Amino acid sequence: MTTAKPLNLLIIGAHPADIFDQSGGTMAHHARRGDRVACCVLTHGARVHDAVISDQMFHQAQVPEAQALERLMQERADVKAQEVRQACALLGCEELYFLGLDDAVLLLSEGAVKQVAALVRKVRPDVVLTHFPREGSTNTNPHAIAGQIALYGMQLAASVDPGDTNPPHKVSQTFFFGTGGAPLPRDVWGAEGGYYNDVFIDITDVVKDKLAALDALVSQGYGGAYARKRIETSDGAFGGAVRCAYAEGFIKMNAECHYHLPVTEHARNVAAMSDHEVMARSSFRHDD
Ligand SMILES: [Zn+2]
């Protein structure tokens, strides 16, 4: 049984572009259904993939002195924040929080955890989407650290904290951004005793909106050719894994409890198709 009440979602990404390439289609679906979709960007991201800071300066003989560089980074952070606002609006999401952490070295710090906890108590989400806390090397991967900050933040949010007058809040379910690539784990065999992408959202109907959102992330270099390649290779691979054209993959944190066995319409539709019909369905390419 799914609840008929609107859902309250909070999506927490490490860098400005992460929430869009990992979950832009899912955001669009929930915004269209009338759910509350709040987005949180942990770092300003001015060092990561920025068109001026990390691209133009890469080939310069010298970069500006400290003060000038800091000023420029602030300017670039503002540019990136504006792009994030625009991308969110294209997906129908208006509620946006920038925590402003430095993306130089993202660490699991008490300060960052407290900021997330305060946001969780304020937004009071049913569902949190965030990075998988064991992505990559776990300890030095900024996405994994962001996922850990989010997890600790949710734990702390479940109790009071002096200075925050909002009451405690518990999150119903957490979905971690799926891990992709060639060995995309998609079932209990792919998990090999570990985790696998166990929830997929078919985003075929909103893939153009996601593309428009990625196109807004100009300073990140995510627009244009990159956005198209990314959607084909990542969302296309996720889609192929579950027999649709484009999907976003997630790893759910908590086991689910149902009254009846959960079998999706999608699974029944695919089971009723021939091999060639399934191939045609998952081979659909949006024409852009
Ligand atoms: Zn990132």
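This is a short talk on a zinc site, some aromatic pairs, helix packing and a few single residues in one protein model.

Before anything else: the model is predicted. Please keep that in mind throughout.

Let's start with the metal. Which residues hold the zinc ion? The protein donors come from H15, D18 and H143. H15 gives its ND1 atom, and H143 gives NE2. D18 appears twice in the donor list, each time through an OD atom. The distances to the zinc ion run from 2.1 to 2.4 Å.

Now the geometry. Why is the arrangement irregular? The angles subtended by the four donor atoms around the zinc ion span 56 to 136 degrees, and that makes the arrangement irregular. For four donors to count as tetrahedral, all angles must lie between 85 and 135 degrees. The range here starts at 56 and reaches 136 degrees.

On to the sequence. The spacing of the donor residues reads H-x2-D-x124-H. D18 sits in helix 1, residues 18–33, and H143 sits in helix 5, residues 142–157. These two are 125 residues apart, so to speak a bridge between distant parts of the chain. Buried or exposed, D18 and H143? Both are buried.

Next, the rings. How many aromatic pairs are there? The count comes to five. I'll take two of them.

One is F132 with F176. Centre to centre, the two rings are 5.7 Å apart. Their planes stand at 70 degrees, and the pair is edge-to-face. Where do these residues lie? F132 is in the loop between strand 4, residues 127–130, and helix 5. F176 is in strand 5, residues 173–177. The separation is 44 residues, and the pair links distant parts of the chain. F132 and F176 are both buried.

The other is F175 with F250. Here the ring centres lie 6.5 Å apart and the planes meet at 70 degrees, so this pair is edge-to-face. F175 belongs to strand 5, and F250 to strand 7, residues 247–252. That is another link between distant parts of the chain, with 75 residues in sequence from one to the other. Both F175 and F250 are buried.

There is also a cluster. Ring pairs join F132, F176 and Y195.

Now helix packing. I have three contacts to show.

Take helix 7 and helix 8. Helix 7 covers residues 207–215, and helix 8 covers 225–241. Their axes come within 10 Å and cross at roughly 135 degrees. Helix 7 and helix 8 are therefore oblique to each other. The crossing is right-handed.

Then helix 1 and helix 7. Their axes are 9 Å apart, at an angle of about 125 degrees. Helix 1 is therefore oblique to helix 7. Helix 1 passes helix 7 in a right-handed crossing. Recall that helix 1 is also where D18 sits.

And helix 4 with helix 5. The axes lie 7 Å apart, and the angle is about 55 degrees. Helix 4 and helix 5 are therefore oblique. Again, helix 4 passes helix 5 in a right-handed crossing.

Each of those two helices has a residue on my list. A112 is in helix 4. A112 has a relative accessible area of 3%, so A112 is buried. From A112 to L99, the C-alpha distance is 8.4 Å, with their positions 13 residues apart in sequence.

M154 is in helix 5. What is the relative accessible area of M154? The value is 10%, so M154 is buried. The C-alpha atoms of M154 and T130 are separated by 11 Å, and the two residues are 24 apart along the chain.

Last topic: backbone. Two arginines to look at.

R124 has a phi near 55 degrees, positive in a residue other than glycine. R124 is in the loop between helix 4, residues 110–123, and strand 4. Its relative accessibility is 31%, so R124 counts as partly exposed.

R243 is not a glycine either, yet its phi is positive, at about 65 degrees. R243 lies in the loop between helix 8 and strand 7. With a relative accessible area of 36%, R243 is partly exposed.

To close, back to the metal. H15, D18 and H143 supply the donors, and the arrangement around the zinc ion is irregular. That's my talk.

Terms used: Residues numbered from 1 in each chain as written. Predicted model: local features only at pLDDT ≥ 70, side-chain atom pairs only at ≥ 80, totals over all residues. Heavy atoms only, no water. Donors = N, O, S within 2.8 Å, 3.2 Å for Na, K, Ca; no water. Tetrahedral: all angles 85-135°; square planar, octahedral: opposite > 155°, others 65-115°. Helix = DSSP H or I, 4+ residues; strand = E, 2+ residues; numbered from the N terminus. Buried < 20%, exposed > 50% of the residue type's maximum accessible area, 1.4 Å probe, protein only. Phe/Tyr/Trp six-rings, centres within 6.5 Å; stacked < 30°, edge-to-face > 60°. Axes fitted to C-alpha atoms, helices over the stretch in contact; angles between N-to-C directions. Parallel < 35°, antiparallel > 145°, perpendicular 65-115°, else oblique. Left-handed = near helix turned anticlockwise from the far one by under 90°.
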